[in-house]
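Student: I should like to work through this structure by question and answer. May we begin with the aromatic rings and then turn to the strands, loops and confidence values?

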Amino acid sequence: MLKSNCLSNIFSIIQRRNRQSLLLCNQIKHGLHNSTTLNKLARTRIELNDAKKIVIKLGSAVVTKPDLSGLALGRLAAIVEQIAELCQQGRQCILVTSGAIALGRHHLETDEKKSSRGARAAFGMAEMVTLYDHLFEQCDLRTAAMLLTPVDFDDDHRRAYWRTALQDLLNQGVVPIINTNDAVAWSKENPTGTTCTDTASALQVRDNDSLAARLACELKSDLLLLISDVDGVYTAPPGSPGARFVAEYEVTKNPEYDTHSPSVNGELVSFGEASSVGTGGMKSKIASAVWTVRQGTSVVIIRGSRFNCITDVMNGMDVGTFFTLEEKNDAENQLDTREETIKQIATKAREASILLNSSTPEARAIAIDNLADKLLKHEDEIIYENEIDIKQAETAGISSILLARLQLSHSKIKTLSEGLRQIANESRKRHGHVNCVLSRTKLADNLILKKITAPIGVLMVIFESRPDCLPQVAALSIATANGLLAKPGSEALHTVRVLHRLVGEALEMVDLPSGAVGLLEGRKDVDYVLQGIDKQSFVDLVIPRGSSKMIESIRNAANKAGTGVPVMGHGSGVCHVYVDSAADPEKALKIVIDSKCDYPSACNAMETLLVHKSHAESGLLERLCNHLRDHKVKLHAGPGMIRLGQNLTDEMKPAKNLSYEYGDLECTVELVESVDEAIEYIGSYGSAHTESIVTEDKATAEIFLEKTDSSCVFHNVSTRFADGYRFGLGAEVGINTGRIHARGPVGVEGLLTTKWILHGDGQCVTDFSSGKLNYLHESLPIK
């Protein structure tokens, strides 16, 4: 049976939990606490926390190791801990477990002639029951085992008998362990001739998924958790081209709509094979979940290897696939399920922003430091989830540009952590950024006016691919006491979910609300936020980070919503380096290569090299082109280069678009006749992001710096310096290429507004209009 040293390891894992809830647990054991069954279908994830009776089903791939060498002891111990916590909170839990056959296969002969399926099931179930008994015993909980088959559900008398037994066990604080009785040939049982009164409407028991569904409904459970080896439902097998994760599955009220062609919110679903150790697969899980929701019990499908998977579901976090029932509500009175969820997330962010504003600057700085620590402590978990995103993105055929932005590494996480510490330290230096006095004016005697910094309110930041954007904007929002709604691209969801959890934990460590940073996972969520209620938006500023097409779509959606919420766009990065006639050749070579090759997919990478025509004769143009080619950069010729007609352009194809952002080891090369022509070219084809001139002529440099209308304009440095971290801002929420209200890398200052504070002593306006008092308007020193 189970090795003693394995048990001791498991017990040590469990015993680290705090036992403050022991009294409540004992009350349960003696029948002093009887839960009132709600059996109310949750319309939002937050309502899942109200569940009192919960059925938890573990799939075979969750229970066993990937190599089928035995039970996944560490994972099971973590799951048992979470179930024990639910019981200690006064909830009733039923555990439906698979894996008996897989475990029996490990211990008995694999040859079916020597070891039947029934034999493996009988042997494996005995070992599993023993293990669960030991694990729950360490949590001061007792267990009982029960094996069921379809006839036990289809016969009224038998069903009533075991249902009473289960409820008696639950009322006495016992955790029932349930499995299908695979030691008998129940798969061939025929319900015909049974006395079941509702067989026609019931789900047929085919595996543990359907058994758990029937069990949940028979016991009038509030929640069914189907714990699997995948994150939840995908529109196609995970990793296949076009597969999209579904955070919320809306179940239609009419069963005919999904009986033959299952769909997720109107999109057809294709299924892969069941796991090598399971019998149901995702098709069975969806069918069971859909049927269960129609009976009035909530369902979530979640990955069992996820840290705190059960706890996160109960806390209303956006994890797994949450099944909801289609509702036809009066538009004037009710929002649909998802809108209600978004409303609650947005409301939490609004309430949290008020609490952040009233918190101490040091508390906010510590929260950011906590997040910096957690990034390093959990970097292996972050990279593990990031690799899942990378693999799925590669399979889906995502562009190399987005792949580069999507990928995280240990060095990136270290740099990210350092940037967060910059934000925390700067926050301490500036006394928290909020409520800082900017000016003081003496309007009259005993009438003092102050202008102070204030949070904007609630921000919504929408970003593509880059998961590191979340901790950056979260830290900036915390520092400035703003609430945040973050919407990542679907390709980064695995990574972002981990990062979002760490943000919440960092806030809670200093008693700040984790709801200050909310996570949106669907494109419709953005529309719900923009629409708001009664033309009142849930947010005060929207910051989209991504392609110009994405930014334009967000602007259009905001305008269509009519709530007046401003959009501050982080646009495309068509950046230029102009090598002037008076350029130092060595500086030019170094700056051009760094601007293009240091990080080609970054928005501040050079996309067009402008070279003064004199360098066609000096040889610098040829050196620049050859140097770029040596670094594997593909060159495209602008009109001036084509007219030049030298051998230099033979390997260049004409640039199809002079405003193109390559985001890769490619760039356009163009000749200009003067600094003025370079400025005109940038104004015509640039994106107002970042431009740099390489010259030793200070007068020419000043002309370029003054007349070039971009958010960042440099002299004799790489365009890659256009970055919040390198500017000493710690991080940036984006680079605004517009003019309102902040421009360039937007750090802390860009997330603040102002308000006026006036201290008086009973003065009235009529005192001044009558001539009794006079305005002084004297500037006072800032204290």
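Tutor: Rings of Phe, Tyr and Trp, the last by its six-membered ring, are taken to pair if their centres lie within 6.5 Å; planes over 60 degrees apart count as edge-to-face. The model before us is predicted.

Student: How many aromatic pairs does this rule give?

Tutor: Applied to this model, the rule gives a count of 8 aromatic pairs. One of them is formed by Tyr234 and Phe245, with 5.3 Å centre to centre and 65° between the planes, and is edge-to-face. Tyr234 belongs to strand β6 (residues 233-234) and Phe245 to strand β7 (residues 245-246), so that the pair links distant parts of the chain, 11 residues apart. Tyr234 and Phe245 are both buried, and the count asked for is 8 aromatic pairs.

Student: Which geometry do Tyr660 and Tyr662 adopt as an aromatic pair?

Tutor: Their ring centres are separated by 4.9 Å, and the angle between the planes is 80°. Planes over 60 degrees apart fall in one class, and the pair Tyr660 and Tyr662 is accordingly edge-to-face.

Student: Is Tyr662 buried or exposed?

Tutor: Its partner Tyr660 has 42% relative accessibility and therefore counts as partly exposed. The cut-off for the buried class is under 20% relative accessible area. With a relative accessible area of 8%, Tyr662 is buried.

Student: Why is strand β11 described as largely enclosed by the rest of the structure?

Tutor: One side of β11 carries Ser298, Val300 and Ile302 and the other carries Val299, Ile301 and Arg303, all of them buried. Strand β5 (residues 223-228) is joined to β11 in parallel by 6 bridges, with Leu223 partnered by Ser298. Strand β12 (residues 321-325) runs antiparallel to β11 and is joined to it by 3 bridges, with Ile301 partnered by Thr321. The strand is described as largely enclosed because the buried residues of β11 number 6 of the 6.

Student: Which strands stand at the edges of the open sheet that includes β15?

Tutor: This sheet has 4 strands in the order β17-β16-β15-β18, with parallel pairing. Within it, 5 bridges join β15 to β18, and Leu459 stands opposite Leu541 in β18. Helix α19 (residues 493-508) packs on the sheet and touches β15 and β17, its direction making about 155° with that of β17. Two strands have a single partner strand each, so one side of each lacks a neighbour in the sheet: β17 (517-519) and β18 (541-545).

Student: What is the phi of Ser465?

Tutor: Ser465 is located in the loop between β15 (458-463) and α18 (469-479), and is buried with a relative accessible area of 0%. Although Ser465 is not a glycine, its phi is positive, at about 65°.

Student: What is the phi of His433?

Tutor: The loop between α17 (410-429) and β13 (437-444) contains His433, which is buried with a relative accessible area of 4%. His433 is not a glycine either, yet its phi is positive, at about 70°.

Student: Where in the chain is confidence lowest?

Tutor: The chain averages a pLDDT of 85, and 85% of the residues score at least 70. Residues 188-200 have a pLDDT below 50, and this stretch has 20 contacts in the model beyond near neighbours in sequence. Confidence is highest in strand β19 (residues 575-579), at 98, and lowest, at a mean of 37, in helix α2 (residues 22-29).

Key
Residues numbered from 1 in each chain as written. Predicted model: local features only at pLDDT ≥ 70, side-chain atom pairs only at ≥ 80, totals over all residues. Heavy atoms only, no water. Buried < 20%, exposed > 50% of the residue type's maximum accessible area, 1.4 Å probe, protein only. Pairing = 2+ DSSP bridges. Phe/Tyr/Trp six-rings, centres within 6.5 Å; stacked < 30°, edge-to-face > 60°. pLDDT = per-residue confidence, 0-100. Contact = heavy atoms within 4.5 Å. Axes fitted to C-alpha atoms, helices over the stretch in contact; angles between N-to-C directions.
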